[in-house]
Amino acid sequence: MQPVSESPAAFREARQPDTRLDLGRIFEARKQISRMFRDTPQFGCPSLGDLLGCELVIKLETANPIRCFKGRGTEVAMSRLARSADQRAAVCASAGNLGQALAYSGRERSIGVTVVAAKSANAAKIDRIRRLGAAVELVEGDIEDARKRAREIAASGNALLVEDSENLDTCEGAGTIGLELVEGFGRIDTILLALGGGALATGVGHVFKCLSPATEVVCIQPSGAPAMALSWRARSIVTTDRADTIADGVAGRFPIAVVLQDLLAVANHVPLVEEASIKAGMRLLLRHAGLVVEPSAALGVAAMLEDPSRYRGKRVVTVICGSNVLPEAFCRWTQDQSRSAIASSEGSR
């Protein structure tokens with residue numbers, strides 16, 4: 001298939017959904033992203049697809065130095081900052097993956113980076129952020145408390161605040177994943193995306209609504225951190241008092257209003273999945289694809305396990321968004337003997 005980027009008419013003629021994003025800027029974003037984050041592997045997984053009753057395609061966003069998709073967005077943000085005469089520092093709040101990505105992209109451009117995280121954040125991720133040269137500030141509470149502190153630092157220190165999903169660069173950088181998938185496959189019936197703050201969902205979703213509008217865009221959250229899903233269903237902001245899930249990468253409590261409006265324009269279905277299904281998804285990706293993934297990356301498989309009839313007989317893409325997980329936690333979760341989700345899937349085929 002001819003690369004979409006070589007067919008300018010493709011985006012000039014595309015009908016764009018009503019979001020803050022722009023397809024032309026997503027094409028331009030690809031030029032600003034390091035090659036090590038682009039053109040990640042995308043391949044069929046017949047063994048797991050047979051189990052789930054569909055033609056399953058894996059988009060492997062973990063095959064890069066920071067083992068997650070977020071480098072695409074931070075590359076765009078830091079490229080823009082490197083050209084700015086006003087600011088030479090950046091700050092973000094992160095449960096780990098965005099912080100690693102921003103630290104990596106900042107180091108490559110000699111831009112100072114501060115990452116604010118909760119004291120309860122994944123210790124291995126925090127260590128890697130420091131090794132990549134960023135300053136780390138730990139705060140009490142959770143990711144929402146870290147976001148509050150990051151905003152304070154940005155306001156007082158003339159630093160660019162890279163707020164995941166609110167900053168358009170993070171969304172449009174993630175959108176380049178969608179370009180690669182549309183270029184690589186003649187037909188995709190369903191795209192499965194982890195839903196946290198919304199950068200991945202709105203970026204990739206925007207591309208599919210433009211270039212493959214028949215594709216169903218499914219954005220998944222854990223039942224223990226449902227704020228964005230509940231907001232999508234209510235079509236207005238719903239906050240939660242706490243988040244209780246092993247999928248820390250998507251565990252926000254306060255959705256951003258403008259991001260919700262973007263999500264409303266691109267998402268067809270926003271299911272919530274249980275923790276047992278997330279663990280089962282991690283186990284299946286290890287067994288059938290040889291992949292060690294963090295819980296957020298297993299949300300797509302979890303959704304298929306819980307609602308197999310929705311995906312049966314279709315070509316389904318699941319984006320493996322991250323693999324930053326502590327080995328001992330991964331072993332504990334994948335050795336969990338709760339097999340109900342797998343049994344349910346096998347019995348319903």
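**Salt bridges and nonpolar cores**

A network of salt bridges links Lys59, Glu61, Arg72 and Glu180. The model is a predicted one, and 25 salt bridges were found in the structure.

One of these joins the side chains of Arg30 and Glu183, with an N to O distance of 3.1 Å. Arg30 belongs to helix H2 (residues 23–32) and Glu183 to helix H8 (residues 168–184), so this pair ties together parts that are 153 residues apart in sequence. Both Arg30 and Glu183 are buried.

A second link between distant parts of the chain is formed by Asp248 and Lys125, which are 123 residues apart. Their side chains meet in a salt bridge at 3.8 Å, N to O. Asp248 is located in the loop between H10 and H11, whereas Lys125 is in helix H6 (residues 123–131). Asp248 is partly exposed, its relative accessible area being 27%. Lys125, by contrast, is buried, with a relative accessible area of 1%.

A salt bridge within a single helix is made by Arg147 and Glu144, both of which lie in helix H7 (residues 143–157). The N to O distance between their side chains is 2.9 Å. The two residues are 3 places apart in sequence, about one turn of the helix. An α-helix has 3.6 residues a turn, so residues three or four places apart point the same way. Because buried means under 20% relative accessible area, Arg147 counts as buried at 15%, and Glu144 is likewise buried at 9%.

The nonpolar residues were examined next. In soluble globular proteins, nonpolar side chains tend to be buried together. The largest nonpolar core in the model comprises 78 residues, and those with the most contacts inside it are Leu48, Ile191, Leu200 and Met304. Helix H9 provides the largest share of this core, 7 residues. Leaving aside residues up to four places away in sequence, Leu48 touches Leu56, Leu284, Leu285, His288 and Val301. Another core, of 28 residues, lies apart from the largest one; Met78, Val115, Ile129 and Val136 are among its members.

Helix H11, spanning residues 257–266, was considered separately. Within H11, the residues Val259, Leu260, Asp262, Leu263, Leu264 and Val266 are buried. The buried residues of H11 pack against three elements: helix H9 (199–211), strand E8 (216–222) and helix H10 (227–234).

Note on methods:
Residues numbered from 1 in each chain as written. Predicted model: local features only at pLDDT ≥ 70, side-chain atom pairs only at ≥ 80, totals over all residues. Heavy atoms only, no water. Buried < 20%, exposed > 50% of the residue type's maximum accessible area, 1.4 Å probe, protein only. Helix = DSSP H or I, 4+ residues; strand = E, 2+ residues; numbered from the N terminus. Contact = heavy atoms within 4.5 Å. Salt bridge = Lys/Arg side-chain N within 4 Å of Asp/Glu carboxyl O. Core = buried A, V, L, I, M, F, W, Y, C linked by side-chain atoms within 4.5 Å.
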